[in-house]
Amino acid sequence: GVSSFGFGGTNSHITIEEAPQKKIHSKKEGWMPVCLSAKTPGALSRRLTDLYQWLISDFAYGTIDDLARTLLFGREHFQFRACFIVKNMNELTEMVKKVLNGIKVDRFFQNDENLTQHDSQNSIEKAKMAIINKIRISRKNDDMKYWKRLSALGELFVRGADIEWHVLFKIKGYNRLALPGYPFSRNYHWFVQEKAFHEPLS
């Protein structure tokens, strides 16, 4: 609620509630890149754990399209990155679980080391645009080529490339999901007070 108290003695109170969520009918399935990133390797690991806990909780909702585009367009992409190429929420849940248990899975890419580009930025850009153009052509023609090229794009993403995801997926027309927030580091800093120095009285 909102309360206002005036100097003249006039008080007003308003009770409000959250606006109803606008439902958008996005597509239910289809190959999508689920991208996560963080500022440190530890934070990236916690983001994976938080995502898994959300997926198996009662709070999980929406489609893989909603989830992927929420992460692509509603989150900033940091230095340490991970990417899943999946077709539905159930597949993503199983893949994240295996990754957290240290099991190697296909269509998962991660770079939790400091990003050191061995290739020139020009070659990365050329490779990225070539893949994007091929994806746009093969999207409806060949399912296998589509997810393989999407995987190649995911590999470039974790290597630090800035992908123009809006070229492949619309920025509008999906339900933005309420996903777990960024796991900030819990660093404790104690203030140490030095002993007071008293000059001798003369």
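Colleague: Let me start with a small one: in β5, which residue is the bridge partner of arginine 81?

Modeller: Asparagine 111 is the bridge partner of arginine 81 in β5. Keep in mind that this is a predicted model. As for the general idea, strands of a sheet pair through backbone hydrogen bonds, either parallel or antiparallel. Here, β4 and β5 run antiparallel and are joined by four bridges.

Colleague: And how many bridges are there between β3 and β4?

Modeller: Seven bridges, again in the antiparallel sense, pair β3 (residues 32-38) with β4 (residues 80-86). If you want landmarks to click on, valine 34 stands opposite phenylalanine 84, and proline 33 stands opposite isoleucine 85.

Colleague: In what order do the strands of the open sheet come?

Modeller: The order is β3-β4-β5, three strands with antiparallel pairing. β3 and β5 (108-111) are the edge strands, each with a single partner, so one side of each has no neighbour in the sheet. On average, neighbouring strands are turned by 10° against each other, direction ignored.

Colleague: Is β3, as an edge strand, largely enclosed or left open by the rest of the structure?

Modeller: Largely enclosed, because seven of its seven residues are buried. Look at both faces of β3: Met32, Val34, Leu36 and Ala38 are buried on one side, and Pro33, Cys35 and Ser37 are buried on the other. β4 is also largely enclosed, since seven of its seven residues are buried. From β4, Phe80, Ala82, Phe84 and Val86 point one way, while Arg81, Cys83 and Ile85 point the other way.

Colleague: Which helix lies across β3 and β4?

Modeller: That's α2 (residues 64-73), which runs at about 40° to β3. α5 packs on the sheet too, touching β3, β4 and β5, and its direction makes about 170° with that of β4.

Colleague: Where does glutamate 155 sit, then?

Modeller: Glutamate 155 is in helix α5. It counts as partly exposed, at 40% relative accessibility. Its C-alpha atom is 8.7 Å from that of phenylalanine 108, though the two are 47 residues apart along the chain.

Colleague: Now the core. Which residues of the largest nonpolar core touch the most other members?

Modeller: The general idea is that in soluble globular proteins, nonpolar side chains tend to be buried together. In this model the largest nonpolar core has 49 residues, and Leu67, Phe84, Leu92 and Leu153 touch the most other members. The elements giving two or more residues to this core are β3, α1 (41-55), α2, β4, α3 (89-100), β5, α4 and α5. α1 gives the most, with seven residues.

Colleague: What does phenylalanine 84 touch, not counting residues up to four places away in sequence?

Modeller: The contacts of phenylalanine 84 are Met32, Pro33, Val34, Leu48, Leu92, Met95, Val96, Val99, Arg107 and Phe108.

Colleague: On to helices. Which residues of α4 are buried?

Modeller: The general idea is that an α-helix has 3.6 residues a turn, so residues three or four places apart point the same way. In α4, the buried residues are Ile124, Lys128, Ile131, Ile132, Ile135 and Ser138. They cover an arc of only 140° around the axis, which puts them on the same side of α4. Lys126, Arg136 and Ile137 are exposed on the other side. What the buried residues of α4 pack against is α5 (143-158).

Colleague: How far apart are the end C-alpha atoms of α4?

Modeller: They are 26 Å apart, which agrees with the 26 Å that 18 residues (121-138) should span at 1.5 Å a residue.

Colleague: Last one: is leucine 179 buried or exposed?

Modeller: Leucine 179 has a relative accessible area of 14%, and since the cut-off for buried is under 20%, it counts as buried. Its place is in the segment after α5. Leaving aside neighbours within four places in sequence, leucine 179 is in contact with Trp54, Leu67, Thr70, Leu71 and Arg75. The C-alpha atoms of leucine 179 and leucine 51 are separated by 7.7 Å, although these residues are 128 residues apart along the chain.

How values were computed
Residues are numbered from 1 along each chain as its sequence is written. This is a predicted model: local features need pLDDT of at least 70, side-chain atom pairs count only at pLDDT 80 or more; totals for chains, interfaces and linings use all residues. Side-chain values use heavy atoms; hydrogens and water are left out. The expected span of a helix is 1.5 Å times one less than its number of residues. Buried means under 20% relative accessible area, exposed over 50%, partly exposed in between (1.4 Å probe, protein chains only). The arc is that of the directions from the helix axis to the C-beta atoms. Contact means heavy atoms within 4.5 Å. Two strands pair if DSSP finds at least two bridges between them. Axes are lines fitted to C-alpha atoms, for helices over the stretch in contact, and angles run from 0 to 180 degrees between N-to-C directions. A nonpolar core is a set of buried Ala, Val, Leu, Ile, Met, Phe, Trp, Tyr and Cys residues joined through side-chain atoms within 4.5 Å.
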